[in-house]
Amino acid sequence: ATMEHHLMDVLDLVEHSGDRYALQALLSELEVSGVVLRHVERLATPGPMRDEAERLLQRVIGLGVRRLVVSALLAQDDAAIRRRLTRLLSQSDPRSLMPILERSLADKQHGHQRKLLIRLIRSVDRAWQPPAPSSLAAVP
């Protein structure tokens, strides 16, 4: 728990070291030790704890912890946490996220989880759509 207070600093150091293996080992440890899932649960807590949890989750999602966060979303009962996770995931790189979502969707033939996945896929698509051409762009 002590390391959690310095987690963003540790992530910065490992990421900037350029050591892919160290980064992968750190991310794996954050998954296995339950740190990521604890931060998912903290999304229900208003105030600074939630803000910190969102920053950390956004960071680890960007660094590659996507499958666990998608699983946490699908298992989550709290609608507010699901909304926050959906928002965080929809901001991540779709090239890495979409294959995970599509495989998960293929496994879910019906039900609540399938609806969540479809909603998330649509959200990711909307977030990464190129902007519509402006009517001013046509003016010479």
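In which helix does Arg 59 lie? In this predicted model, Arg 59 is placed in helix H4, which spans residues 48-63. Its relative accessibility is 18%, and because the limit for burial is set at under 20%, Arg 59 counts as buried. When residues up to four places away in sequence are not counted, Arg 59 touches Met 8, Leu 11, Asp 12 and Glu 15.

A second buried residue, Gln 76, is found outside the helices, in the loop between helix H5 (67-75) and helix H6 (79-90). Gln 76 counts as buried because its relative accessibility is 8%. A polar atom of the Gln 76 side chain lies 3.1 Å from the backbone nitrogen of Asp 78. With neighbours within four places in sequence left aside, Gln 76 is also in contact with Val 40 and Glu 41, as well as with Ile 81 and Arg 82; these last two residues fall within the range of helix H6 (79-90).

Helix H6 in turn packs against helix H8. The axes of H6 and H8 come within 9 Å and cross at roughly 40°, an angle that makes H6 oblique to H8, and the crossing is right-handed. On the H6 side the contact is made by Arg 82, Thr 86, Leu 89 and Ser 90, and on the H8 side by His 112, Leu 116, Leu 120, Ser 123, Val 124 and Ala 127. Sorted by class, the residues of this contact comprise five nonpolar, four polar and one charged. Arg 82 thus appears both among the contacts of Gln 76 and among the H6 residues that meet H8.

Helix H8 (residues 112-127) is also approached by helix H7 (residues 94-107), the two axes coming within 10 Å and crossing at roughly 160°. Since angles over 145 degrees count as roughly antiparallel, H7 and H8 are roughly antiparallel to each other, and H7 passes H8 in a left-handed crossing. The contact involves Pro 94, Leu 97, Met 98, Leu 101, Ser 104 and Leu 105 of H7, together with Arg 114, Leu 117, Ile 118, Leu 120, Ile 121, Val 124 and Asp 125 of H8. The residues of the contact of H7 with H8 divide into ten nonpolar, one polar and two charged. Leu 120 and Val 124 of H8 take part in the contact with H7 and also in the contact with H6.

Note on methods. Residues numbered from 1 in each chain as written. Predicted model: local features only at pLDDT ≥ 70, side-chain atom pairs only at ≥ 80, totals over all residues. Heavy atoms only, no water. Helix = DSSP H or I, 4+ residues; strand = E, 2+ residues; numbered from the N terminus. Buried < 20%, exposed > 50% of the residue type's maximum accessible area, 1.4 Å probe, protein only. Polar contact = N/O pair within 3.5 Å; in protein donor to acceptor, adjacent residues only side chain to side chain. Contact = heavy atoms within 4.5 Å. Axes fitted to C-alpha atoms, helices over the stretch in contact; angles between N-to-C directions. Parallel < 35°, antiparallel > 145°, perpendicular 65-115°, else oblique. Left-handed = near helix turned anticlockwise from the far one by under 90°. Nonpolar A, V, L, I, M, F, W, Y, C, P; charged D, E, K, R; others polar.
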